[in-house]
Amino acid sequence: MKYSKIVLVAALLFFQWGMAQEKADVVINNALTEAKAAKKNVLLVFHASWCKWCKMMEKNMNLPETQPIFDKRFVTAYIDVQERGEKKALENPGGQELMNKFKGENAGLPFWLVLNSKGEVLADSFNAKGENLGSPATQDEVFDFIAKLGKASPLTKEESQKIQNVFMKKN
């Protein structure tokens with residue numbers, strides 16, 4: 001009986017350990033390593049499971065029209081922050097601190113950055129007024145988003161148009 005309790009506790013601990021989120025610094029370091037090897041930049045997105053705009057952005061980036069554009073230029077990494085209640089375990093430990101480091105503590109979600117392979121910020125999700133673009137949807141937001149992406153990694157006219165069509169489409 002005592003042996004079976006030990007096995008059960010060990011199994012539960014192993015299960016919890018396996019389900020724990022990676023630390024934010026591990027996520028970003030893995031993305032930077034991959035980006036350096038692939039000669040790409042990192043698109044780092046802070047998001048949460050409850051955030052409809054986060055889901056919209058991820059969906060728009062992963063559509064057949066846009067995914068090849070993002071995959072060609074960026075290593076995309078997601079860091080979970082600001083979860084609530086029972087979903088708190090979904091957070092990447094250290095994620096909020098990393099978001100704060102990049103001045104995103106009051107930005108809202110999603111909050112994103114484009115980093116070069118050295119971890120230097122090439123673009124962030126703040127517009128000229130200091131407002132978070134989040135998941136761009138209006139014409140101005142989408143144009144700012146495309147300009148920021150293009151500044152970090154030049155886009156063709158066709159690629160810019162595809163991103164514009166997808167993000168401005170009413171979902």
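Is Lys 88 buried, exposed or partly exposed, and what is its relative accessibility? In this predicted model, the relative accessibility of Lys 88 is 46%, and because buried means under 20% and exposed means over 50%, Lys 88 counts as partly exposed.

**Salt bridges**

A search of the whole structure finds five salt bridges, and the table lists three side-chain pairs among them.

| Pair | Distance, N to O |
|---|---|
| Arg 73 and Glu 159 | 2.9 Å |
| Glu 91 and Lys 88 | 3.0 Å |
| Asp 124 and Lys 148 | 3.6 Å |

The side chains of Arg 73 and Glu 159 meet in a salt bridge; because Arg 73 lies in helix 4 (residues 67–73) and Glu 159 lies in helix 7 (residues 157–168), the pair ties together parts that are 86 residues apart in sequence. Arg 73 and Glu 159 are both buried, and together with Lys 72 they are linked in a network of salt bridges.

A salt bridge also joins Asp 124 to Lys 148, and this pair links distant parts of the chain, with Asp 124 in strand 4 (residues 121–124) and Lys 148 in helix 6 (residues 139–152), 24 residues apart. Asp 124 has a relative accessible area of 22% and is therefore partly exposed, whereas Lys 148, at 18% relative accessibility, counts as buried.

**The two sides of helix 6**

At 1.5 Å a residue, the 14 residues of helix 6 should span 20 Å, and this agrees with its end C-alpha atoms, which are 20 Å apart. Within helix 6, the residues Val 142, Phe 145, Ile 146, Lys 148, Leu 149 and Ala 152 are buried. Because they cover an arc of only 160° around the axis, they lie on the same side of helix 6. On the other side of this helix, Asp 140 and Lys 151 are exposed.

**Nonpolar cores**

In soluble globular proteins, nonpolar side chains tend to be buried together. The largest nonpolar core here has 25 residues, of which Leu 44, Phe 46, Ile 79, Leu 98, Phe 102, Leu 109 and Phe 111 touch the most other members. Two or more residues of this core come from each of helix 2 (24–38), strand 1 (41–47), strand 2 (74–80), helix 5 (95–101) and strand 3 (111–115), and helix 2 gives the largest share, six residues. Leaving aside residues up to four places away in sequence, Phe 102 touches Leu 44, Phe 46, Phe 111, Leu 113, Leu 115, Val 121 and Phe 126. Apart from the largest core lies another core, of 21 residues, including Val 142, Ile 146, Leu 155 and Phe 167.

Notes:
Residues numbered from 1 in each chain as written. Predicted model: local features only at pLDDT ≥ 70, side-chain atom pairs only at ≥ 80, totals over all residues. Heavy atoms only, no water. Salt bridge = Lys/Arg side-chain N within 4 Å of Asp/Glu carboxyl O. Helix = DSSP H or I, 4+ residues; strand = E, 2+ residues; numbered from the N terminus. Buried < 20%, exposed > 50% of the residue type's maximum accessible area, 1.4 Å probe, protein only. Expected span 1.5 Å × (residues − 1). Arc of directions from axis to C-beta. Core = buried A, V, L, I, M, F, W, Y, C linked by side-chain atoms within 4.5 Å. Contact = heavy atoms within 4.5 Å.
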